[in-house]
Amino acid sequence: MEYQLVPMDRSHLSGVAELERLCFSTPWNETMLEEELFNPTASFIVAEGAEGEVLGYAGLHVVLDEGYIDNVAVCPSCRRQGIGDRLLDVFCRFGQAHLAFLTLEVRPSNQAAVALYCKHGFQEAGRRKDYYQDPTEDALLLTRTFVR
């Protein structure tokens, strides 16, 4: 599959919002995503296909030396082809160079995502009770600490 990783810009907003609706029970809308384009603490990257289509995306917020990964999403028809792995790798390499840690939440039932995060060195740091809705589920709080 041919794609490149690029910074999210306005041309990606509808595709990222559609991916949000496909992947998450409480999706971000285009307005919320557009606000992140102007947020100095945010970095969003897109896996862009040969025709400019959004195949996946990931978002990161940084405060001082702490990073929070908001979402990692890949189009269902494009999964298991390394896109999520590459998106996450970008933020992990950034974290290694600039951060004390990265953290995120994930549904325990999303075994593919949990496995991906563990592959990248994330470890369970706690749970958030009933964090997710539709269906109600705890969130695993996963963290990767960096030694600098």
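Begin by selecting Asp138 and Arg127 in this predicted model, where the two side chains form a salt bridge whose closest N and O atoms are 3.9 Å apart. Asp138 lies in strand S7 (residues 137-145) and Arg127 in strand S6 (residues 123-132), so the pair ties together parts that are eleven residues apart in sequence. Colour Asp138 by accessibility and you will find that, at a relative value of 19%, Asp138 counts as buried, because the cut-off for that class is under 20%.

Keep Arg127 selected and add Glu124, which forms a salt bridge with Arg127 at 3.8 Å between the closest N and O atoms. With these residues displayed together, you have a network of salt bridges that links Glu124, Arg127 and Asp138.

A search of the whole structure finds nine salt bridges, and another one to select is the pair Arg10 and Glu34, whose side chains meet at 2.2 Å, N to O. Arg10 sits in the loop between strand S1 (3-7) and H1, while Glu34 belongs to helix H2, so this pair ties together parts that are 24 residues apart in sequence. Glu34 is partly exposed, with a relative accessible area of 28%.

Next, select helix H1, residues 13-23, and show the side chains of Leu13, Val16, Ala17, Leu19 and Glu20, which are buried. Looking along the helix axis, you will see these residues on the same side of H1, because they cover an arc of only 155° around the axis. An α-helix has 3.6 residues a turn, so residues three or four places apart point the same way. To see what the buried residues of H1 pack against, add helix H2 (30-36) together with strands S2 (42-49), S3 (54-63) and S4 (66-74).

From H2, move to Thr41, which lies in the loop between H2 and S2 and is partly exposed, with a relative accessible area of 32%. The side chain of Thr41 is joined to that of Asn39 by a polar contact of 2.8 Å. Leaving aside neighbours within four places in sequence, Thr41 is in contact with Leu60, His61 and Val62. If you also select Gly67, 26 residues away along the chain, the C-alpha atoms of Thr41 and Gly67 are separated by 9.5 Å.

Finish with helix H3, residues 83-98, whose 16 residues reach 23 Å from the first C-alpha to the last, close to the 22 Å expected at 1.5 Å a residue. Within H3, the residues to highlight as buried are Ile83, Gly84, Leu87, Leu88, Phe91, Cys92 and Gly95.

Conventions
Residues are numbered from 1 along each chain as its sequence is written. This is a predicted model: local features need pLDDT of at least 70, side-chain atom pairs count only at pLDDT 80 or more; totals for chains, interfaces and linings use all residues. Side-chain values use heavy atoms; hydrogens and water are left out. Buried means under 20% relative accessible area, exposed over 50%, partly exposed in between (1.4 Å probe, protein chains only). Helices (H or I, at least four residues) and strands (E, at least two) are DSSP runs, numbered from the N terminus. The arc is that of the directions from the helix axis to the C-beta atoms. Contact means heavy atoms within 4.5 Å. The expected span of a helix is 1.5 Å times one less than its number of residues. A salt bridge is a side-chain nitrogen of Lys or Arg within 4 Å of a carboxyl oxygen of Asp or Glu. A polar contact is a pair of N or O atoms within 3.5 Å; within protein, one must be able to donate a hydrogen and the other to accept it, and residues adjacent in sequence count only if both atoms are side-chain atoms.
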